[in-house]
Amino acid sequence: MAVERLERSRRMTKKPNLEERIAAAFSAGAKSEGVSALMVEVEAAALAAEEAADQARARALDPTLSAGDVATSRSAAEDAAFRRDRMTTALARLGERLQE
C-alpha cells in the first residue's frame with residue numbers, strides 16, 4: 001500500500017516529457033502562448049535529433065568499426081532520424097493548431 005502511494009505521488013509530481021506536452025497541446029484547454037513556447041522546444045528537439053542522426057550515421061559508415069558497432073550506430077541513426085521526423089511533424093501540426 002505504501003509503495004502504491006509512493007508511486008502515485010511520483011506520477012503526480014513528475015514533469016511531463018516533451019512528447020506528453022505535445023499531446024497535451026492538442027487538448028481543448030491548451031493556450032496559444034503555451035503552444036508557441038512548446039514549438040520552440042520542439043524545433044530545438046528536431047534539430048538536436050537531426051544532428052544526432054548525422055553523427056550516428058557517420059559513425060556507422062566508419063569502415064574500421066566492428067559489425068556490432070556498425071549495427072548499434074546504424075540503429076541509433078535510425079532512431080534519431082525517426083525522432084527528427086516526429087518532431088518536425090509535431091512542429092507543423094502545432095503551427096496548424098495555432099491557426100485554429
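Two rings of Phe, Tyr or Trp count as an aromatic pair if their centres lie within 6.5 Å. In this predicted model, a search of the whole structure finds 0 such pairs. The views below turn to other features.

**View 1. The whole chain is built from 4 helices and 0 strands.**
Along the sequence, the pattern reads α-α-α-α. The chain has 100 residues, and 23% of them are buried. About 7,300 Å² of the chain is exposed. Carbon and sulfur atoms supply 55% of that area. Now take the contacts between residues at least 6 apart in sequence: 68% of these join residues at least 24 apart.

**View 2. S73 is a buried residue in helix α4.**
Helix α4 covers residues 67-99. The relative accessibility of S73 is 7%. Buried means under 20%, so S73 qualifies. Leave aside residues up to four places away in sequence, and S73 touches A56, R59, A60 and L65.

**View 3. The charged end of R93 sits over the ring of F26.**
Look for the centre of the F26 ring. The charged end of R93 is 5.3 Å from that centre.

**View 4. E19 and R83 form a salt bridge.**
The whole structure holds 6 salt bridges by the search. In the one between E19 and R83, the closest N and O atoms are 3.2 Å apart. E19 lies in helix α2, residues 18-24, and R83 lies in helix α4, so this pair ties together parts 64 residues apart in sequence. Are these two residues buried or exposed? E19 is partly exposed, with a relative accessible area of 29%. R83 is also partly exposed, at 34%.

**View 5. E19 forms a salt bridge with R86 too.**
Here the closest N and O atoms are 2.9 Å apart. E19 is in helix α2 and R86 is in helix α4, so the pair ties together parts 67 residues apart in sequence. R86 is partly exposed, with 43% relative accessibility.

**View 6. R74 and E78 meet in a salt bridge within helix α4.**
Their side chains come to 3.3 Å, N to O. How far apart are R74 and E78 along helix α4? They are 4 residues apart, so about one helical turn separates them. R74 counts as exposed, at 52% relative accessibility. E78 is partly exposed, with a relative accessible area of 44%.

**View 7. E19, R83 and R86 belong to one network.**
Salt bridges that share partners join these three residues. E19 bridges to R83 and to R86.

Definitions and conventions
Residues are numbered from 1 along each chain as its sequence is written. This is a predicted model: local features need pLDDT of at least 70, side-chain atom pairs count only at pLDDT 80 or more; totals for chains, interfaces and linings use all residues. Side-chain values use heavy atoms; hydrogens and water are left out. Helices (H or I, at least four residues) and strands (E, at least two) are DSSP runs, numbered from the N terminus. Buried means under 20% relative accessible area, exposed over 50%, partly exposed in between (1.4 Å probe, protein chains only). Contact means heavy atoms within 4.5 Å. Accessible areas come from the Shrake-Rupley method with a 1.4 Å probe; for residues, only the protein chains shown count as cover. Rings of Phe, Tyr and Trp (its six-membered ring) pair if their centres lie within 6.5 Å; planes under 30 degrees apart count as stacked, over 60 as edge-to-face and the rest as tilted. A charge sits over a ring if NZ of Lys or CZ of Arg is within 6 Å of the ring centre and within 35 degrees of the ring normal. A salt bridge is a side-chain nitrogen of Lys or Arg within 4 Å of a carboxyl oxygen of Asp or Glu.
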